[in-house]
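Reader: I've got a model open and some terms I'd like pinned down. Can we start with the sheet?

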Amino acid sequence: MPDDFMSWQRKDFMTGTKDELLEKYMGFRTVVGCTTPPQAALMSYFLKTLCDEGVKGDLLEIGVYRGRSSMLFGMYLYGRRRLHLVDPGLDGDVLEELTKNLTDLSPALDFERDVLIDKRLSHELERDAAVHDRGKYAFIHIDGGHSMIDVYRDLEQSAKLLNEWGIVICDDFYASGRPAVTEGVYRFMHENPNVFKLLITGYNKAVLARVDAFELWWVRIIQSLGEYLEANWRPVQIHLYNSPLEFPTLGLSERAKEHSPFGGYFARQEARDMIAALTKACNAATY
């Protein structure tokens, strides 16, 4: 990662501007899938940040279905990134449709060069030494098996694959009808407290970062995520809450424009003191 990553005082960072890639993705509505506009906007924020800051590493998606979210990820393959798609259903007509959709949305994408189709179950990645090296991936999206053990195992894999500043996003977090996903995330974090921290939750997505990167990401989110989402989706409120495991955890909810962009524990003095201390520490950090 570049030395100037997380240059917190940059006032021009995605401030109230449209993300043209996300806007193009939002206009492509013909693909069956469950990725909603606010979910796409939240994930694009992290994808764009990683690209803008030159964080190297491929993108991995576990559980592809018809490729609705894969199309979004394919738009952020800057540099020499590759998109690694893991799903046993990627064959025949499904693969043909996925190929067409990805290349229609991103004409510069070379499917053979830039996309790795992997028809194994995600736990079989364990056998692949080529993807076992820590640091290969900058972004991992987990949307495969929805049992507690499936999610737990996918997070175990992510712990081995994610680079120092990368992001993991788990789908269906706190989703009705999918309680085992939430259980799997919290159980993994409880049993492995030195691997990931929960950065922010919202729109049934849980965003995790490595423990050592948590404070930097946390301050970045406070300083820029609200403006990005307001410009590219709708006004949101970022609030602090006590998760079952740790404090602080950030959450998202939509807001009316006249309301404060921050809520929850942000109203308390200890939260303001914590933000000030973290911001100071992040601005003073050198790498």
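Author: Sure. There's an open sheet of 10 strands, in the order S3-S2-S1-S4-S5-S7-S6-S9-S8-S10, with mixed pairing. This is a predicted model, where local features need pLDDT of at least 70, side-chain atom pairs count only at pLDDT 80 or more, and totals for chains, interfaces and linings use all residues. Residues are numbered from 1 along each chain as its sequence is written, and side-chain values use heavy atoms, leaving out hydrogens and water.

Reader: What makes strand S3 and strand S10 stand at the edges?

Author: Strand S3 (115-118) and strand S10 (262-264) each have a single partner strand, so one side of each lacks a neighbour in the sheet. Strands are DSSP runs of E, at least two residues; helices are runs of H or I, at least four.

Reader: How do you know that S1 and S4 pair?

Author: Pairing takes at least two DSSP bridges between two strands. Strand S1 (residues 58-62) and strand S4 (residues 137-142) are joined by 5 bridges and run parallel, so they pair by that definition. Leu 59 stands opposite Phe 139 in S4.

Reader: Which residues is Phe 46 in contact with, beyond its neighbours within four places in sequence?

Author: Ile 167, Leu 199, Ile 200, Val 207, Trp 217 and Ile 221. Contact means heavy atoms within 4.5 Å.

Reader: Why is something called a nonpolar core?

Author: Because it's a set of buried Ala, Val, Leu, Ile, Met, Phe, Trp, Tyr and Cys residues joined through side-chain atoms within 4.5 Å; buried means under 20% relative accessible area (1.4 Å probe, protein chains only). The largest one here has 64 residues, with Phe 46, Leu 199 and Trp 218 making the most contacts inside it. Helix H8 (residues 214-232) gives the largest share, 10 residues.

Key
Buried < 20%, exposed > 50% of the residue type's maximum accessible area, 1.4 Å probe, protein only.
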